[in-house]
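Here is a quick walk through how this chain is put together. Have the sequence and the coordinates open as you read.

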Amino acid sequence: MTTRAWSGPPAPGRRELLGFAVVGLLAYAVDLALFTCLRGPAGLGPLTAKALSFVAACSVAYAGNALGTYRDRRISGLRPYAAFFLVNLAGAAVQLLCLAVSHYGLGLTSQRADTLSGAVIGMVLATILRFWGTRTWVFRAEGRVGSWTG
C-alpha cells in the first residue's frame, strides 16, 4: 500500500469547486431538514414547505459563499446579493418543477416521494445551474464572464 504526501492547498479552480460544494452541502442540509419538518410535523403542503426551506437555505449559501468560497472577490452593495437570489430562484424553479411533476403530474404524493423529487433530483439539477450562475453573475473574477476554467 502506498501513501501520497500532502501536496499543499488545492489549485484555485479546485478550491472554488470544493468551497462551493461544502457550502452547498450545508445549505442542502438546512433545506432538507427544514423541508422535512415543515412537510411532516408542521403539516404544510409540499410547495409551501419547499419555498420556505429554499429561502433559509439560500441565505445560508450566500453567507457561506461570500465569507468562504469567494472571500477573495470584492463584492459590495445589493447587486451581488440580488443576483445570487435570482440565480437561486432559477434553481428553485427547477426544484419546484421536479416536485410538482412528481406530486401532481405522476401522483407520487408520499412524503418520501416529495423529498426525493424536490430535495434530491431537483437539487442535483439546480446545483449545476447555481454553480454556473454564481460564478458567472455573482462572484465573477475580473475579466471572466462565465468560463468554466476561469
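## How H3 and H4 pack

In this predicted model, the axes of H3 and H4 come within 8 Å and cross at roughly 155°. An angle over 145 degrees counts as roughly antiparallel, so H3 runs roughly antiparallel to H4. As for handedness, H3 goes past H4 in a right-handed crossing.

Ala 83 gives you a handy residue to look at here. Ala 83 sits in helix H3 and counts as buried, at 14% relative accessibility. Leaving aside residues up to four places away in sequence, Ala 83 touches Trp 137 and Val 138. There's also Gly 133 to check: its C-alpha atom and that of Ala 83 are separated by 8.7 Å, although the two residues are 50 apart along the chain.

## The nonpolar core

Which residues touch the most other members of the largest nonpolar core? Of its 18 residues, the ones to click on are Cys 58, Ala 61, Tyr 62, Tyr 70, Phe 84, Val 138 and Phe 139. Four helices each put in at least two residues: H1 (12–39), H2 (46–69), H3 (79–105) and H4 (111–138). H2 has the largest share of this core, with 6 residues.

Cys 58 is worth zooming in on. Not counting residues up to four places away in sequence, Cys 58 touches Phe 84, Phe 85 and Asn 88. Val 138 turns up twice in this tour: Val 138 is among the core residues that touch the most other members, and Ala 83 touches Val 138 as well.

## Salt bridges between H1 and H4

Side chains of opposite charge can pair when their charged atoms come close. How many salt bridges does the structure hold? The total is 4, and three of them are worth a visit, starting with two that join H1 to H4.

Glu 16 and Arg 135 meet through their side chains in a salt bridge, at 2.5 Å from N to O. Glu 16 belongs to helix H1 and Arg 135 to helix H4, so this pair links parts of the chain 119 residues apart. Are these two buried or exposed? Glu 16 is buried, with a relative accessible area of 5%, and Arg 135 counts as buried too, at 3%.

The other pair is Arg 39 with Asp 114, whose closest N and O atoms are 2.9 Å apart. Arg 39 lies in helix H1 and Asp 114 in helix H4, so the salt bridge ties together parts 75 residues apart in sequence. Arg 39 counts as buried at 18% relative accessibility, just as Asp 114 is buried, with a relative accessible area of 0%.

## A salt bridge from the H2–H3 loop

Where does Asp 72 lie? Asp 72 is in the loop between H2 and H3, and it forms a salt bridge with Arg 15, the closest N and O atoms being 3.7 Å apart. Arg 15 is in helix H1, so the pair ties together parts that are 57 residues apart in sequence.

On accessibility, Asp 72 counts as exposed, at 53%. The cut-off for exposed is over 50%, so Asp 72 qualifies with its 53%. Arg 15 is partly exposed, with a relative accessible area of 27%.

Terms used:
Residues are numbered from 1 along each chain as its sequence is written. This is a predicted model: local features need pLDDT of at least 70, side-chain atom pairs count only at pLDDT 80 or more; totals for chains, interfaces and linings use all residues. Side-chain values use heavy atoms; hydrogens and water are left out. A nonpolar core is a set of buried Ala, Val, Leu, Ile, Met, Phe, Trp, Tyr and Cys residues joined through side-chain atoms within 4.5 Å. Buried means under 20% relative accessible area, exposed over 50%, partly exposed in between (1.4 Å probe, protein chains only). Contact means heavy atoms within 4.5 Å. Axes are lines fitted to C-alpha atoms, for helices over the stretch in contact, and angles run from 0 to 180 degrees between N-to-C directions. Angles under 35 degrees count as roughly parallel, over 145 as roughly antiparallel, 65 to 115 as roughly perpendicular and the rest as oblique. A crossing is left-handed if the near helix is turned anticlockwise from the far one by less than a right angle, and right-handed if clockwise.
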